[in-house]
Amino acid sequence: MSKLTGQFRHSQWDPILIISQIVAMQSVYYVTLGLWIAAVNLLVGTSRSLDHLFKYQEIHVRDIPGKLIIASYVLNSLTGACSLWWLVQRTKQCLDFSCTLHLFHLLACWYYNGHFPASLSWWLLNSACLAIMCICGEFLCMRTELKAIPLNMAPRTDL
């Protein structure tokens with residue numbers, strides 16, 4: 001006999017699922033960010049380097065390459081929202097996964113640079129990208145979760 005809990009989905013603590021989702025999200029984030037930046041570098045004609053992904057001095061509005069790096073981060077936050085929708089599929093978890101992803105990015109940048117990021121432009125960009133990823137991911141997940149559930153249990157006669 002099943003017990004009705006009043007929940008849409010059954011939630012159970014599954015650390016392996018959560019860790020694999022975090023690893024998948026982080027992998028998708030860096031692969032797509034690398035692709036966006038490679039496309040930008042191809043347009044501008046600059047050399048490709050990991051500095052564009054992790055070095056916070058590369059994020060600036062002084063010249064066209066810096067602005068295009070910023071555009072790559074913003075486009076990647078939209079790609080990240082789609083990966084939240086595809087991998088996480090839960091509106092309530094979008095903020096958690098977005099913050100976790102950007103926390104790991106902060107740690108990676110800190111390790112790569114050898115010191116804590118002190119650039120205001122880096123903090124503003126990553127905060128804006130976190131917000132864009134979270135809000136757009138929640139919007140996509142909510143649209144999927146709120147799809148109409150058919151309640152008619154009668155057999156179909158229009159076949």
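What is the accessible surface of the chain, and what share of this surface belongs to carbon and sulfur atoms? The accessible surface comes to about 10,800 Å², and 68% of this area belongs to carbon and sulfur atoms. The legends below describe a predicted model.

**Figure 1. Overview of the predicted chain and its five helices.** The chain contains five helices and zero strands, and its elements follow the pattern α-α-α-α-α along the sequence. Of the 159 residues in the chain, 30% are buried. Among contacts with a separation of 6 or more, 74% are made by residues 24 or more positions apart. The mean pLDDT of the chain is 87, with 86% of the residues reaching 70 or more. Among the elements, helix α4 has the highest mean pLDDT (96) and helix α2 the lowest (88). Where pLDDT is low, the predicted coordinates should not be read in detail.

**Figure 2. Close-up of the aromatic pair formed by Tyr30 and Phe54.** The count of aromatic pairs in the structure comes to six. In the pair shown, the ring centres of Tyr30 and Phe54 lie 5.4 Å apart and the planes meet at 50 degrees, so the arrangement is tilted. Tyr30 belongs to helix α1 (residues 15-44) and Phe54 to helix α2 (residues 51-54); the two residues are 24 residues apart, and their pair links distant parts of the chain. Phe54 is buried, because its relative accessible area of 13% falls under the 20% cut-off. Ring pairs also join Tyr30 and Phe54 with Tyr29 and Tyr112 in a cluster.

**Figure 3. Close-up of the aromatic pair formed by Phe116 and Trp123.** A pair of aromatic rings is described by the distance of the centres and the angle of the planes. For Phe116 and Trp123, the distance from centre to centre is 5.6 Å and the angle between the planes is 35 degrees, a tilted arrangement. Phe116 is partly exposed, with a relative accessible area of 38%. Trp123 is also partly exposed, at 31%.

**Figure 4. Close-up of Ser83 in helix α3.** Ser83 has its place in helix α3, which spans residues 64-88. With a relative accessibility of 7%, Ser83 counts as buried. When residues up to four places away in sequence are not counted, Ser83 touches Met25, Val28 and Val88.

**Figure 5. Close-up of the salt bridge between Glu145 and Arg90.** A search of the whole structure finds one salt bridge. In this bridge the side chains of Glu145 and Arg90 meet at 3.7 Å, N to O. Glu145 lies in helix α5 (residues 120-145), whereas Arg90 lies in the loop between α3 and α4 (94-113), so the salt bridge ties together parts of the chain that are 55 residues apart in sequence. Glu145 is partly exposed, with a relative accessible area of 24%. Arg90 is likewise partly exposed, with a value of 22%.

**Figure 6. Close-up of Gln89 in the loop between α3 and α4.** Gln89 is a residue other than glycine with a positive phi, near 65 degrees. Its position is in the loop between α3 and α4. The relative accessible area of Gln89 is 43%, and the residue is therefore partly exposed.

Technical notes: Residues numbered from 1 in each chain as written. Predicted model: local features only at pLDDT ≥ 70, side-chain atom pairs only at ≥ 80, totals over all residues. Heavy atoms only, no water. Phe/Tyr/Trp six-rings, centres within 6.5 Å; stacked < 30°, edge-to-face > 60°. Helix = DSSP H or I, 4+ residues; strand = E, 2+ residues; numbered from the N terminus. Buried < 20%, exposed > 50% of the residue type's maximum accessible area, 1.4 Å probe, protein only. Contact = heavy atoms within 4.5 Å. Salt bridge = Lys/Arg side-chain N within 4 Å of Asp/Glu carboxyl O. Areas by Shrake-Rupley, 256 points an atom, 1.4 Å probe, with all protein chains shown as cover. pLDDT = per-residue confidence, 0-100.
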